[in-house]
Amino acid sequence: MGEPVIVALQCDLDIREVESLYAQLKEAKNKAAEGGRKIILDAVSVNRMDASGAQCLAAFLASAQASGIQVEWGSSSFVFPDIVELLGLAELLGL
């Protein structure tokens, strides 16, 4: 297995940024699939996430899992775990 594909998540994971987030995650998945690499999601910059951002992440994680791609969480911002917990998504996002 080669070097992991690191995805630095944006500051705001919301409806305004979901298209960009989707493209970023799709590119990472393609790179990982080509080289048999895992993906590390770095949430250190995340300050805000709404339902559309959470849905995009959840769909990505399910798709990666179905494709046999390992995804891990790297660093996270101080507020990211609280956001995930508040949205009730800790289990779904694997946190």
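This short talk goes through a sheet, the helices that pack on it, and a pair of aromatic rings. Please keep in mind throughout that what we are looking at is a predicted model.

Let me begin with the sheet, which is open and has 3 strands in the order E1-E3-E5, with parallel pairing. Strand E1, residues 5-8, and strand E5, residues 71-76, stand at the edges, and because each of them has a single partner strand, one side of each is left without a neighbour in the sheet. From one strand to the next, the twist averages 25°.

If we look at one of these pairings in detail, E1 and strand E3, which covers residues 39-43, pair in the parallel sense over 4 bridges, and valine 7 stands opposite leucine 41 in E3.

Now to the helices. Helix H1, residues 18-35, lies across E1 and E3, and runs at about 175° to E1. Helix H2, residues 51-66, also packs on the sheet, where it touches E3 and E5, and its direction makes about 140° with that of E5.

Finally, let us turn to the aromatic rings. How many aromatic pairs does a search of the whole structure find? The search finds 1, formed by tryptophan 73 and phenylalanine 80, whose ring centres are 5.4 Å apart. The planes of these two rings stand at 40°, and since planes under 30 degrees apart would count as stacked and those over 60 as edge-to-face, the pair is described as tilted. As for phenylalanine 80 on its own, is this residue buried or exposed? Its relative accessibility is 1%, and therefore phenylalanine 80 counts as buried.

Key:
Residues numbered from 1 in each chain as written. Predicted model: local features only at pLDDT ≥ 70, side-chain atom pairs only at ≥ 80, totals over all residues. Heavy atoms only, no water. Pairing = 2+ DSSP bridges. Helix = DSSP H or I, 4+ residues; strand = E, 2+ residues; numbered from the N terminus. Axes fitted to C-alpha atoms, helices over the stretch in contact; angles between N-to-C directions. Contact = heavy atoms within 4.5 Å. Phe/Tyr/Trp six-rings, centres within 6.5 Å; stacked < 30°, edge-to-face > 60°. Buried < 20%, exposed > 50% of the residue type's maximum accessible area, 1.4 Å probe, protein only.
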